[in-house]
Amino acid sequence: MIRVILVDDEPYARAELAELIAPEADIEILGMAANAIEALPLIQSLKPDVVFLDIQMPKLSGMDLVAMLDPLPRIVFVTAFDDYAIQAFEENAFDYLLKPVEPARLAKTLGRLRQDLSPLPVTALAPTIRHIPGYLHNRVRLLPIEQVEYAFSDLGGVHVACQGEQFHTQLTLKSLEEKTPLLRCHRQYLVAPAAIFEIRLLDNQLAEIVTPSGARVPVSRRYLKALKDELGLE
């Protein structure tokens with residue numbers, strides 16, 4: 001059974017694609033989302049084999065969403081614009097469909113999906129994350145990566161510090177390390193190079209970073225040398 005999720009900000013386009021896929025006995029539609037912020041937790045929780053993904057959506061594009069996914073399912077971009085289709089192939093998408101989706105063209109895509117069951121590498125698409133969806137109480141804020149000071153994980157999940165507030169995020173530290181400028185300084189912490197106001201050397205080859213907001217970010221022995229080398233420090 002091929003498990004899929006449909007993501008498109010146009011309700012008619014979502015419904016039309018779902019109607020075309022529904023008769024396929026070996027394909028299960030797990031869910032649908034109207035934008036990238038809705039889609040991210042849906043994809044992370046349901047872990048589909050394939051995401052049919054619109055590229056041009058408000059606030060966060062399909063490319064932005066792909067950058068946030070880890071592990072990465074197969075991505076079939078669905079677009080009304082040929083130039084986006086070309087870009088999708090340049091970014092190593094599994095396939096693309098032009099709107100309005102033609103049944104014969106969709107059948108070819110489904111045939112390829114049935115034959116290809118190998119996983120895609122995490123870095124195959126959209127290598128950088130430009131915004132992080134941050135959750136705080138009943139708010140969701142798109143945090144520009146340039147404004148994030150540091151990120152850390154604890155028993156409550158992964159959190160990012162931005163402009164004096166801490167937001168929960170559904171992204172992993174691994175994704176943030178691989179797809180943003182944040183640098184690893186501790187097993188549970190990443191820090192933005194621009195947010196390193198000073199590094200204080202402590203006993204036992206430990207250190208801590210002080211950020212412009214006054215926060216203190218731990219640096220472990222394991223990562224201290226690599227961090228100093230990355231910053232060009234002796």
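Let me begin with helix α5, whose buried residues (buried meaning under 20% relative accessible area, exposed over 50% and partly exposed in between, with a 1.4 Å probe and protein chains only) are Leu106, Thr109, Leu110 and Leu113. Seen down the axis of α5, these buried residues fall within an arc of 100°, so they line one face of the helix, where the arc is that of the directions from the helix axis to the C-beta atoms. On the other side of α5, Ala104, Lys108 and Gln115 are exposed.

Before going on, I should say that this is a predicted model, in which local features need pLDDT of at least 70 and side-chain atom pairs count only at pLDDT 80 or more, while totals for chains, interfaces and linings use all residues. Residues are numbered from 1 along each chain as its sequence is written, and side-chain values use heavy atoms, with hydrogens and water left out.

The protein has 234 residues, of which 47% count as buried, and its secondary structure comes to seven helices and 15 strands. Helices (H or I, at least four residues) and strands (E, at least two) are DSSP runs, numbered from the N terminus. Along its principal axes, the C-alpha trace spans about 65 × 35 × 35 Å.

How far apart are the end C-alpha atoms of α5? Helix α5 covers residues 103-115, and at 1.5 Å a residue its 13 residues should span 18 Å, which agrees with the 19 Å between its end C-alpha atoms; the expected span is 1.5 Å times one less than the number of residues. The cover over the buried residues of α5 includes β1 (2-7), α1, β2 (27-33), β3 (50-54), β4 (74-79) and β5 (95-98).

That brings us to α1, which runs over residues 11-21 and has Ala13, Arg14, Leu17, Ala18 and Ile21 as its buried residues. They cover an arc of only 130° around the axis, which puts them on the same side of α1, whereas Pro11, Tyr12 and Glu19 are exposed on the other side. The buried residues of α1 pack against β1, β2, β3, β4 and α5.

Now to the empty spaces, where the search uses a 1 Å grid over the protein atoms alone: a cavity is a set of points where a 1.4 Å probe fits but cannot get out, a pocket is an open set with protein on both sides within 12 Å along at least five of seven lines, and lining residues have an atom within 4 Å of a point. Grid points are joined across faces, edges and corners, and a volume is the space filled by probe spheres set on the points.

How many cavities of 30 Å³ or more does a search of the whole structure find? The search finds one, and the largest cavity holds about 40 Å³ of space. Its lining includes Leu6, Phe52 and Val78, and the largest share, three residues, comes from α1.

The second largest pocket holds about 200 Å³. Of the 16 residues that line this pocket, Asp8, Glu10, Ala13, Ala80 and Lys99 are the closest to its centre. Helix α1 gives the most to this lining as well, with five residues.

Finally, Arg187 lies in the loop between β11 (183-186) and β12 (189-191) and is exposed, with a relative accessible area of 57%. Leaving aside its neighbours within four places in sequence, Arg187 is in contact (heavy atoms within 4.5 Å) with Leu173 and Tyr223.
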